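Visitor: I would like to learn how to read contacts and salt bridges in a model. Could you take me through one, step by step?

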Amino acid sequence: MSARPADLMGLTEAEYDNAVEILGRHPNQVELGIFSVMWSEHCSYKSSKKWLKQLPTKAPWVIKGPGENAGVIDIGDGLAAIFKMESHNHPSFIEPYQGAATGVGGILRDVFTMGARPVANLNALRFGSPDHPKTRHLVAGVVAGIGGYGNCVGVPTVGGEVNFHPAYNGNILVNAMTVGIAPADRIFYSAAAGVGNPVVYVGSKTGRDGIHGATMASAEFSDDAEEKRPTVQVGDPFTEKLLIEACLELMQTDYIVAIQDMGAAGLTSSSFEMASKGGVGIILDLDQVPARETGMTPYELMLSESQERMLMVLKPGREAAAEAIFRKWELDFAVIGHLTDTGRMQLRMHGEIVGDLPIDPLALASPEYDRPWVPTPPPAPLDRGHIAAPVDLGEALVRMMGSPDIASRRWIWEQYDHLVGGDTAQRPGGDAAVVRVPDAGGKALAMTTDCTPRYCKADPVQGGRQAVAEAWRNLTAVGARPLAITDNMNFGNPQRPEIMGQFVGCVEGMREACLALDFPVVSGNVSLYNETNGTGILPTPAIGGVGVLDDVTRMATIAFKATGDRIVVLGEATGHLGQSLALRELCGREEGPPPPVDLAIERQTGDLVRKLIADGHVTACHDVADGGLVVALAEMALAGKLGAEVGLPKGDASPFALLFGEEQARYIITVASRYESAILAAAAAAGVPAAVLGQVGGDKLTVTGQLSVALATLARAHEDWLPGYMSAPAAA
Amino acid sequence: MKSAIVVFPGINRERDMALALKAASGKAATLVWHRDSALPDVDLVVLPGGFSYGDYLRAGAMAAQSPIMRAVKDHAARGGRVLAVCNGFQMATEAGLLPGALMRNAGLKFICRNVHLKVANASSDFTGHYQAGQVLSVPVAHHDGNYFADQATLDRLEQEDRVAFRYCDAEGRVDDDTNLNGSRRNIAGILSEDRNVLGLMPHPEDATDPQLGGTDGRGLFTSIVEALS
């Protein structure tokens, strides 16, 4: 190509000029395609880099922070947990089954490429309003896709979260997280090394699917979104299962120098990243790439996002032994190139050089923008005088239990195999999932995903803090020691200063919480341009938290256990209704500031809870979150099939606010009556407010003088909403 | 008791099964590769759960054609015991080790949860530790567990006391309301004519550890270990 093309494939004019300067000439079609994907928002993080650098990424237990395929933490006994969360938002909106399925496949590869056997999947999902005509179809497709892939590949899907809000009507969020376990001294990285070493392609053949998926994922949607269906990839979980087994078998040897999955931007980004990290050049012979169909062009081979493929650099002379393993698992294996000392990527096909690019300028000198931003104005305080509290608080509780954001997710997680592997100690439905570490005595990992987007919208800094704090709290509530997080930053168009302001605010809140809670970020993913026709989603920094339980027999669950157990509330009741779910669901208002997160109190309270659980006196534990105290009590009662009778917590607010307010850093625990005074003394010693609210028993949930509802009524409301919604005829 | 678990491409509950067999028998099961043509000298062969060949054809259809299946059939013909769970049950029907077929669940969805099972036959090598009519809580995890056979076959299974388990509720009620997946006559597991092959959709191997939510599946493993020791 000797002149400027009309279609710059998503690059800006300035970025194109920079490409010309780097090459000293106009790029040809395949080269331009490579610039386009490598400098796409999705691959380059060009709008977010500046801010992400501010997040804390270090702790004594962090083995590898952001920058590799996934984060790695030390969990003791010579073992490491490897995990990451990643978005597949745009593809899932266009084609929900395959979009969600390949999202699961992609995040699994990020984890096993580092040498870990995946032991758990989670997913954080956000859909539009239940009333929107597309929502039901999207929920059905996404859930079936996650199940279809995860069930077949044999990794249990153990947890996650789901929200519904009109802001996601045109742009749903599908964030998938995988956690794996590896020997701490056998972690595999992606930096290529050793001039002359063979570059090996394994897995599925390359087809014409998903070309330019990364570019698509870096632009806003308009009404023609569905015409972009050909950019969505198709998943093959059976091949992924074989790829896991073959890679882990090869990793038992010492043949691998470097390994990287082919994710977004396929062969292009995997080869560039490996070469760039290792400071080497690479020659690829595209004739050797296993192709699904004949006549594929260099452009198609380099930019295809066909799934279930990996790229490796092997030690010389090990090709045959490695190939035997992949042949045993009936997978393709091809030597497609070798490393050089030129610092350039040369693409050859049919005896010609079809592309020749310098690696570092492309991979490292990708654009970095300091986008203009404006801070989100603080929300007006909530005028309590104007809140029409529900007259019948019992009826209000029933409505809350059957509201879309609180109703049971059983319909979803029963479609996921959450047991395969034989180590799921805490199934979906609790505060965090718990999976035993295979063959490691009683050690177990706790995992959760959390974010409250309505808080982030109202006050990004508090919302960012709260997302991290809630993940920390949920791990604490099962008795785990929180260790680290992965973050999946879902935002709108970063070229709008108010959206960039949301991003900056959330990062600041997250930073503060990570520091205060010793809870560093070890991996993450950014998804911007989540907009359709100029309307952005709620800012959604989804947090995936991982913690460790040294003795799984000490794990706590939310279920009430025994009649007569005392119900103790830790933390202070202030009746904070701003941005609460009750205000939205019962009063139709999304207003006010979100509950403030005091990180020192958060830490103090959580550390106490963890100690009480470890001491073995706590019979049940649940953090207070969406819906406030009374919803948390109802959830504990339904899980344990045991009622409770409690009094109103002390506080300077209305009964409605005290029961449904969402003030932070609170937990409900139950203890046998003989431990009551010891627990209160321990709380006093730790400086944590604690009050005995009542006791477990009966078949009703009663708040003396305020409400009394049969568990059967609560259970119906809680269990029936989602299956009822999903089986209702589609809206006209 | 010596046991072997056959590993087909795409199966995924071999670990769960190995843990349950080890706990019950004290001996580690041997893993056998599907392309092998001979079995080691074992008392029990297990066809485990998972998605052999992705279930891209009919569930179990491809695995039923694997080289090892001839040896498994020979083992069964000699009276050797075969435990076929979930995808293994599907393979066993495809291979002709057991009658009938497993179709898509009536609700068309994958189902993973604990279900109640009523023990119908408590006198086989696999079920001797249970009482007839006993109600168990055991997980299922399948998309294609809807057991089908023609009327004559179903009648024969019942006349010969070869129905091992039926789906029921906590009180042991067996009817359409307690039928998990549309299976004919609520059948969850059946025995071969010689009662040496058991096929079932639920996962007793995932109900053997109190930490993981129940131990009602242990009886099956205790039964087989005692019968074969």
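Guide: Happily. Let us start with a term: a residue is buried under 20% relative accessible area, exposed over 50%, and partly exposed in between. Keep in mind that this is a predicted model.

Visitor: How does A:D17 count at 39% relative accessibility?

Guide: A:D17 counts as partly exposed, because 39% falls in the middle class. Its salt-bridge partner is A:R4, with the closest N and O atoms 3.0 Å apart. A:D17 sits in helix α1 (residues 13–23) of chain A and A:R4 in the segment before α1, so the pair ties together parts that are 13 residues apart in sequence. A:R4 is partly exposed too, at 37% relative accessibility.

Visitor: Which parts of the chain does the pair of A:E300 and A:R208 link?

Guide: The side chains of A:E300 and A:R208 meet in a salt bridge at 3.0 Å, N to O. A:E300 belongs to helix α11 (residues 298–303) of chain A, while A:R208 is in the loop between β7 (198–203) and α8 (213–216) of chain A; these distant parts are 92 residues apart. As for accessibility, A:E300 counts as buried at 15%, whereas A:R208 counts as partly exposed at 34%.

Visitor: And how many residues apart are A:R410 and A:E719?

Guide: They are 309 residues apart, with A:R410 in helix α15 (residues 410–413) and A:E719 in helix α24 (residues 711–727), both of chain A. The closest N and O atoms of this salt bridge are 3.0 Å apart. A:R410 is partly exposed at 33% relative accessibility, and A:E719 is partly exposed at 24%.

Visitor: How many salt bridges are there over all chains, and how many between chain A and chain B?

Guide: The count is 63 over all chains, and six between chain A and chain B. One that crosses between the chains joins the side chains of A:D423 and B:R15, at 2.6 Å, N to O. To read such pairs further, look for shared partners: A:D423, A:R436, A:D439, B:R15 and B:D209 are joined into one network in that way.

Visitor: What should I look at next where the two chains meet?

Guide: Try residues and area together. In this model, 32 residues of chain A are in contact with 28 residues of chain B. The two chains bury about 2,500 Å² between them, 54% of it on carbon and sulfur atoms. A:F238, A:E414 and A:R427 supply 21% of the area that chain A buries against chain B, more than any other three residues.

Visitor: How many residue pairs are in polar contact between chain A and chain B, and which element gives the most to chain A's side?

Guide: There are 15 such pairs, counting residues at pLDDT 80 or more. Elements giving two or more residues to that side of chain A are α7 (135–153), α9 (237–250), α12 (319–328) and β14 (424–426). α9(A) gives the most, with four residues. By class, the side of chain A that touches chain B has 13 nonpolar, eight polar and eleven charged residues.

Visitor: How many disulfides are there over all chains?

Guide: First the idea: a disulfide is a covalent bond between the sulfur atoms of two cysteines. Here the count over all chains is zero. A:C451 is in no disulfide, and the nearest cysteine sulfur, that of A:C456, is 4.1 Å away. A:C451 is buried, with a relative accessible area of 5%, while A:C43 is partly exposed at 21%.

Methods: Residues numbered from 1 in each chain as written. Chains lettered and ligands numbered in written order. Predicted model: local features only at pLDDT ≥ 70, side-chain atom pairs only at ≥ 80, totals over all residues. Heavy atoms only, no water. Contact = heavy atoms within 4.5 Å. Buried area = accessible area lost by both parts, 1.4 Å probe. Salt bridge = Lys/Arg side-chain N within 4 Å of Asp/Glu carboxyl O. Polar contact = N/O pair within 3.5 Å; in protein donor to acceptor, adjacent residues only side chain to side chain. Nonpolar A, V, L, I, M, F, W, Y, C, P; charged D, E, K, R; others polar. Buried < 20%, exposed > 50% of the residue type's maximum accessible area, 1.4 Å probe, protein only. Disulfide = S-S within 2.5 Å.
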